[in-house]
Each structure stands twice: as C-alpha cells, then as structure tokens.
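Biologist: Please pick one part of this model and take me through it closely, with your cut-offs spelled out as you go. I would like a connected account rather than a list.

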Amino acid sequence: VTETPDNDLVRRLPDDPELAIEISEGIEHWRAGEITLTVEGSGAVQVRHRRAGEERRYAGTLDEDELARLAGRLAELGFATLAAVDRDQEPDELTVTLSIRRGGEELRRVEIPSGERDDDPRLAGVVAEYESLVDRVTEHDLPYGPAAAAR
Amino acid sequence: MSERSREAAAPEQAERPAQLDAPTAETLAARLLTLQTTAGNRTVGRLLARAPTQVRINRPEPRTRGRFYSGTGRYEVDFTPLECMLTMRVRLVPDANVTQTEADAVKAETEREFLRMWDDKFYLDETVTGRIPFIDPAATSTDRFFLRVRVLWVASGQHVRVRLSRGPGRDNATRWYVTGSIGLDRAHELSHRLGLRDEYIDASVPRRRNATAAGVFDDHSLMGDYFTEGVANAEVKLRHAEQLAADISRATRRRFTAHYSGSYQGERLVRWRGIRDAAPAGSAERTRAEAEVSSIEQDLLIPMLSGAGTP
C-alpha cells in the first residue's frame with residue numbers, strides 16, 4: 001500500500017530514519033547546474049551538485065533540535081501539500097522539485113516553476129530553507145558561491 | 001544665429017515646415033534634391049515616410065508533457081542609408097528594496113554587455129530587382145545595412161518589462177537579480193526578446209534533450225552554456241543574425257540576408273585563435289577551433305592575401 005504523505009509525516013521526519021525529503025533546483029547544463037538537497041530522518045544531509053557532466057557531493061548532519069526545527073518549519077509551510085503548477089515558463093526560469101521518499105520509494109514528487117515564489121510565500125519559505133541549508137553544508141560553495149560561478 | 005542655436009532650432013523647424021522662411025525652404029529643397037540624386041528617389045521616399053517597424057515574434061519552445069517555454073520577442077527596426085537600427089525599449093521595474101544606484105548599475109552593465117555582443121556585428125543585405133524598369137527590368141542591386149543595436153530604458157511604451165529583485169537569484173527572461181547573476185546573463189535574457197531560443201541541454205525540451213539534439217550547440221554561443229564554456233569567449237552567431245533577418249524581413253515585408261561584418265570577423269578571429277591555442281593538442285575541441293579559424297580566415301580573404309605576398 002502506497003502511503004499518501006501529509007504534513008504530519010514531514011513533521012515526524014526526525015522519528016523515521018527511512019524517510020527523506022528532497023529539494024532540487026536548476027538544470028545540469030545551464031549556469032550553476034542542478035543542486036539537490038536531501039535531508040534524511042537520521043539527520044544526515046547531502047547536497048548533490050551536477051554541472052556539465054560533473055558531479056560533486058557534500059555531506060553534513062543536523063542534530064536532533066535542528067532536524068526537528070527544519071521538519072516543523074517545512075510542515076508549517078505545507079511541504080507535502082504544495083501543488084504542482086502546470087504553466088508555460090519563461091526561458092531560463094528554473095523548476096523547483098519537491099519530493100518525499102521512504103527507502104527507495106518516492107511517495108510524492110511535484111514540480112513548480114520557481115517564479116511561483118512571488119505568488120506563494122510557502123514556496124518562497126521552502127526555497128529559503130533549502131538555500132540556507134545548502135549554503136551551510138557546502139560551506140558557502142553553493143548555491144551562490146564559487147562552485148556556482150561562471151568559468 | 002550661432003551654430004549651437006541653429007542646431008537646437010533644427011528639430012522644431014522640421015516639425016513645423018509651414019513656418020519655414022523662404023531661404024530655409026530653398027536650402028531644404030536643395031538638400032532633398034541632392035539626396036535624390038545620390039541616394040535615389042526610392043530611398044528618399046523611405047526616409048521621408050520613415051517610421052520604425054515593430055517586430056513581434058511568438059515562438060514558444062515545446063517541452064515534455066505539453067508544456068512550453070514562452071517565446072515572445074519584441075523590438076523595433078529603423079532603416080537609414082547604410083544602417084538598420086534595432087531598438088529595444090526595456091522597462092525595468094525594481095523591487096522596493098532595490099536602490100536607485102543598484103538599478104542604474106544593472107542598466108549600465110546590461111546595456112554594455114548587450115551592445116558588446118550585438119552592436120555592429122552583422123550587416124543585412126537587401127537585393128532588389130526592377131529599380132531601373134525602363135533600362136533593365138531584370139537588373140538587381142543590393143543595399144547594405146549595418147545592424148546597429150541600442151537599448152532604451154523607458155517608463156512606458158516598452159517592448160520588454162523586467163522585474164528587478166535584490167536576490168541573490170538566477171535571471172530569467174522577465175526577472176533579473178542584482179546579485180547572483182552577471183551582465184552577460186542579462187544580455188542572454190534580452191536576446192530571448194530578439195526571438196532567440198536557448199541552446200543548452202535541457203532534458204525537458206525534446207529538441208535540446210541531449211548533447212546531440214538538433215537545438216543544442218556547444219560553440220561558445222551566447223545562448224548556450226557559456227558558464228561552463230567560458231564567459232570570455234561567448235559570442236553571437238550567424239545563425240542568430242539569420243533568425244533576426246528572417247523576422248525583420250517578415251515584419252517589413254522586405255527580404256534581408258545576414259552576414260558577419262568585417263570588424264566582427266576580425267574580433268572573432270582573435271577569439272577563435274585563442275580558443276584553438278588553449279585547447280589540448282589532438283583534442284576534438286582543437287580540431288573544431290582550427291576549422292572555425294580557417295573559416296574566418298577564408299571569409300576575411302587572408303589566404304588569398306597571404307598568397308599575394310600581402311602582410
């Protein structure tokens with residue numbers, strides 16, 4: 001039986017080491033590339049940076065309090081219920097992908113044009129959390145640091 | 001009347017021809033006659049009736065699952081003898097937390113980069129038949145217009161409206177950021193408004209889904225992945241100008257072909273020799289760069305000049 005994730009599930013992330021949430025933005029072959037943040041229920045955090053055929057991974061951990069705060073904040077923002085937005089995008093407008101996984105199974109995945117941040121403060125909040133954690137785990141290499149710079 | 005006051009008065013006089021005194025009208029008539037003699041009746045007629053032509057493009061790019069990247073282009077062109085002036089009127093709308101200094105810096109940087117990429121890089125040829133119908137109706141002649149480009153920052157009547165946020169963020173065609181992007185990004189974004197599509201790999205676009213797809217180019221194109229290929233070597237291509245020529249032809253109901261200008265080919269020759277020399281010996285990149293260098297040299301007649309002993 002496939003479970004339908006809700007925001008309570010996101011809030012309970014620290015209680016479920018098998019559960020993971022993932023936030024991704026960017027295109028591998030364009031500018032800074034694709035940056036994917038994965039936060040697991042165990043507190044393990046991973047940033048995968050794919051750019052022009054190269055891949056680099058960064059790893060970190062959140063302590064119990066940090067993980068609980070993040071899970072609570074994402075649940076409050078409605079991470080599990082933000083709806084996919086199906087509209088034409090401007091050239092170069094990126095897509096934000098939000099997913100929830102348990103083990104190898106993807107429980108939920110939505111794609112939202114990044115411009116929706118202007119109209120939806122919940123998405124803006126999720127992206128702000130993502131950028132802040134990526135910045136911390138990569139020690140300022142990403143999303144706007146040297147690893148994202150033009151060559 | 002001093003030279004300066006005469007210059008200042010000229011536009012007003014031009015707008016109110018009925019008020020011209022006799023000597024001035026005589027001078028204008030004489031100048032018009034001279035122009036007709038040198039440039040021809042048709043050209044003078046065009047000059048007198050001249051109004052910029054608005055070029056409107058709608059070329060959305062299909063993506064997977066029935067989605068699209070929008071493909072709206074807007075600009076205007078105005079022809080004078082020897083020049084086609086392409087004007088893009090941009091209305092930049094800064095967020096409340098963007099300072100005037102920041103907005104001005106973005107404008108200056110964008111304009112500099114857009115002109116560095118586009119201004120005076122190409123010319124448009126128009127071949128016309130039947131200019132001397134009583135002598136040789138089948139005779140053709142070619143007019144040449146150097147493609148000049150300018151950006152006007154306007155508060156209304158814009159071709160393009162762009163929101164400017166403080167950022168950091170990644171620019172797209174209608175949203176720019178003060179931090180997190182570079183001037184070349186905004187030259188890229190304005191080029192979308194010339195009707196050009198992206199040329200980097202995007203798995204969500206069938207014609208750009210991988211490196212061998214028809215819409216992907218890795219030849220240092222401004223519309224490609226210049227972040228990885230090298231910002232310093234990004235350039236606009238003849239295929240881009242050919243797209244402009246086709247769109248301008250459609251809008252003006254005339255027929256233009258696009259060509260590299262000599263000065264741009266000189267600039268490109270230096271750039272491509274640098275790309276060739278920096279590429280590892282024996283690499284595919286070096287072979288391609290060598291071919292590009294040869295092609296530019298052919299266009300500039302360098303082999304022929306060398307053969308004739310000309311330095």
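Modeller: Happily: what follows starts with the contact between chain A and chain B and then moves on to the helices of chain B. Residues are numbered from 1 along each chain as its sequence is written, with chains lettered from A and ligands numbered from 1 in the order in which they are written. This is a predicted model, so local features need pLDDT of at least 70 and side-chain atom pairs count only at pLDDT 80 or more, while totals for chains, interfaces and linings use all residues; side-chain values use heavy atoms, with hydrogens and water left out.

The contact (heavy atoms within 4.5 Å) draws 26 residues from chain A and 34 residues from chain B. Together the chains bury about 2,700 Å², with 49% of it on carbon and sulfur atoms; buried area here is the accessible area, for a 1.4 Å probe, that two parts lose on being put together, summed over both. Of the area that chain A buries against chain B, 25% comes from Arg31(A), Pro91(A) and Tyr144(A), more than from any other three residues.

Arg31(A) deserves a second look. Side chains of opposite charge can pair when their charged atoms come close. A salt bridge is counted when a side-chain nitrogen of Lys or Arg is within 4 Å of a carboxyl oxygen of Asp or Glu, and there are seven between chain A and chain B; over all chains the count is 52. Arg31(A) pairs with Glu189(B) in one salt bridge, where the closest N and O atoms are 2.8 Å apart. Arg31(A) also forms a salt bridge with Asp185(B), the closest N and O atoms being 3.1 Å apart. Asp185(B) sits in helix α5 (residues 183–192) of chain B and Arg31(A) in the loop between β1 (19–25) and β2 (34–40) of chain A, so this pair joins two chains. Helices (H or I, at least four residues) and strands (E, at least two) are DSSP runs, numbered from the N terminus.

Let's follow α5(B) into its own chain. Helix α4 (residues 100–118) of chain B and α5(B) pack at about 65 degrees, their axes 8 Å apart. That angle makes α4(B) roughly perpendicular to α5(B). Axes are lines fitted to C-alpha atoms, for helices over the stretch in contact, and angles run from 0 to 180 degrees between N-to-C directions; under 35 degrees counts as roughly parallel, over 145 as roughly antiparallel, 65 to 115 as roughly perpendicular and the rest as oblique. Residues of α4(B) including Val106(B), Phe114(B) and Trp118(B) meet residues of α5(B), among them Leu184(B), Ala187(B) and Leu190(B). The residues of this contact divide into seven nonpolar, three polar and four charged, where Ala, Val, Leu, Ile, Met, Phe, Trp, Tyr, Cys and Pro count as nonpolar, Asp, Glu, Lys and Arg as charged, and the others, Gly among them, as polar.

For comparison, helix α8 (residues 262–278) and helix α9 (residues 284–299) of chain B pack at about 155 degrees with axes 9 Å apart. α8(B) and α9(B) are therefore roughly antiparallel to each other. Among the residues in their contact are Arg268(B) and Trp272(B) of α8(B) and Glu292(B) and Val293(B) of α9(B). This contact divides into six nonpolar, one polar and 10 charged residues.
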